[in-house]
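User: I am new to this structure. Please take a close look at the largest nonpolar core for me, then move on to what lies apart from it.

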Amino acid sequence: GGSEGGALRIDPRTNRVTDVIAPPGDPVAMDLALRRDGLWALTADGRLQRRDPRTGATLNQVPLRLDGARDLRAVAGETLVAAVPGGLARLDPHTGHAVWRRHLGQRISAWTEAGGLLWVRSGGQLDERLSALDLDTGQVMTSVELDTGSGSGVAAIDDELWLTTLAGNVVILQQ
């Protein structure tokens, strides 16, 4: 039993798997982010790794100094950001420390980058918010309560933010 994780290289022309980047048995979680300097991974045993995207070889790794990090992404090209319990954190890839950590006090349901800001959808049992965080500092630039009903998606399309609702609707906001 047990699930085997990993990353696959897929040829976009043929839509076929051409290589296994993280072989089964390697402790790589499904949290992967691609930057110019490599494929970054959060491991199940608490490390931040940089891997060669062509061979999958580990180039370097540091202990992740942040509990509960998941959903690693490279935003605005090079900035590594991960969801943490109740918020987001920007990671320093050389030390594994958080450059900043912003606690939003609620469950993070979705987030995306647009216009140099991180747009974070968070909610509790009774309310839901959309907050914009400064990418460099993590400072909350604006935050609004949503009355769209519960939902879990947010996407940036051109100069609009699209939010999905559990009722199957899409709410479009101008940035």
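Analyst: Here is the core, followed by a second core and a sheet.

This is a predicted model, with pLDDT of at least 70 needed for local features and 80 or more for side-chain atom pairs, while totals for chains, interfaces and linings use all residues. Residues are numbered from 1 along each chain as its sequence is written, and side-chain values use heavy atoms, without hydrogens or water.

A nonpolar core is a set of buried Ala, Val, Leu, Ile, Met, Phe, Trp, Tyr and Cys residues joined through side-chain atoms within 4.5 Å. Buried means under 20% relative accessible area, with a 1.4 Å probe and protein chains only. The largest core has 13 residues. Those touching the most other members are Leu 42, Leu 48, Leu 64, Leu 66, Leu 72, Leu 80 and Leu 91. Strands E4 (38-43), E8 (79-84) and E9 (87-91) each give two or more residues. Strands here are DSSP runs of at least two residues, numbered from the N terminus. E8 gives the most, three residues.

Take Leu 48. Beyond its neighbours within four places in sequence, its contacts (heavy atoms within 4.5 Å) include Trp 40, Leu 64, Leu 80 and Pro 93.

Another core, of 12 residues, lies apart; Trp 100 and Trp 111 are among them.

Now the sheet. Three strands form an open, antiparallel sheet in the order E15-E16-E17. Strands pair if DSSP finds at least two bridges between them. E15 (153-157) and E17 (170-174) are at the edges with a single partner strand each, so one side of each has no neighbour in the sheet. Five bridges join E16 (residues 160-164) to E17. Trp 162 stands opposite Ile 172 in E17.

Technical notes: Buried means under 20% relative accessible area, exposed over 50%, partly exposed in between (1.4 Å probe, protein chains only). Helices (H or I, at least four residues) and strands (E, at least two) are DSSP runs, numbered from the N terminus.
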